[in-house]
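Work through the following exercises with the sequence and the coordinates open beside you. Each task is followed by a solution that proceeds step by step.

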Amino acid sequence: MPEATKQRRLNELIAVFHEHARSSNARRHGSIETVLVESTSKRSQEEVVGRSDGNLKVIVPKTFVDKTTSQQVTLQAGDYVMVRVPTLNFRTVFVSVCE
């Protein structure tokens, strides 16, 4: 099989995957998810990385003010947090903590 055909088919498959991932994530827009914090983000010490119940990778601010207690909370690995999904792409979801 010609290399050009292989490459074209691979590109088509990748495009279908990305479209499916975008539409799947779009259904989560505005939803509230439970997230298990796994580690500090590789890109920013001000964010942590976790996984939602649906195994979706999410980026959460590391610190926030809890509105019920007015205290600053710092998340660490092993913490659970409820988040709202305002911004997303097909790989990673950036969320805000529900208050």
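**Exercise 1.** Decide whether Ser41 is buried or exposed in this predicted model.

*Solution.* Begin with the relative accessibility of Ser41, which comes to 7%. Next, recall that a residue is classed as buried when its relative accessible area is under 20%. Ser41 therefore counts as buried, because its relative accessibility is 7%. For the setting of the whole chain, note that buried residues make up 26% of the 99 residues in the protein.

**Exercise 2.** Locate Ser41 in the secondary structure, and then place that location in the overall pattern of the protein.

*Solution.* Ser41 belongs to the loop that runs between strand S1 (32–40) and strand S2 (47–52). The protein as a whole contains one helix and seven strands, and reading along the sequence gives the pattern α-β-β-β-β-β-β-β.

**Exercise 3.** Which residues does Ser41 touch, leaving aside those up to four places away in sequence, and which backbone nitrogen lies 3.2 Å from a polar atom of its side chain?

*Solution.* With those sequence neighbours set aside, Ser41 touches Glu47, Val48 and Val49. Turning to the polar side-chain atom of Ser41, the backbone nitrogen of Arg43 is found 3.2 Å from it. A further check uses C-alpha atoms: those of Ser41 and Val60 are separated by 8.8 Å, although the two residues are 19 residues apart along the chain.

**Exercise 4.** State what share of the contacts with a separation of 6 or more comes from residues 24 or more positions apart.

*Solution.* Among the contacts in the protein with a separation of 6 or more, residues 24 or more positions apart account for 45%.

Notes: Residues are numbered from 1 along each chain as its sequence is written. This is a predicted model: local features need pLDDT of at least 70, side-chain atom pairs count only at pLDDT 80 or more; totals for chains, interfaces and linings use all residues. Side-chain values use heavy atoms; hydrogens and water are left out. Helices (H or I, at least four residues) and strands (E, at least two) are DSSP runs, numbered from the N terminus. Buried means under 20% relative accessible area, exposed over 50%, partly exposed in between (1.4 Å probe, protein chains only). Contact means heavy atoms within 4.5 Å. A polar contact is a pair of N or O atoms within 3.5 Å; within protein, one must be able to donate a hydrogen and the other to accept it, and residues adjacent in sequence count only if both atoms are side-chain atoms.
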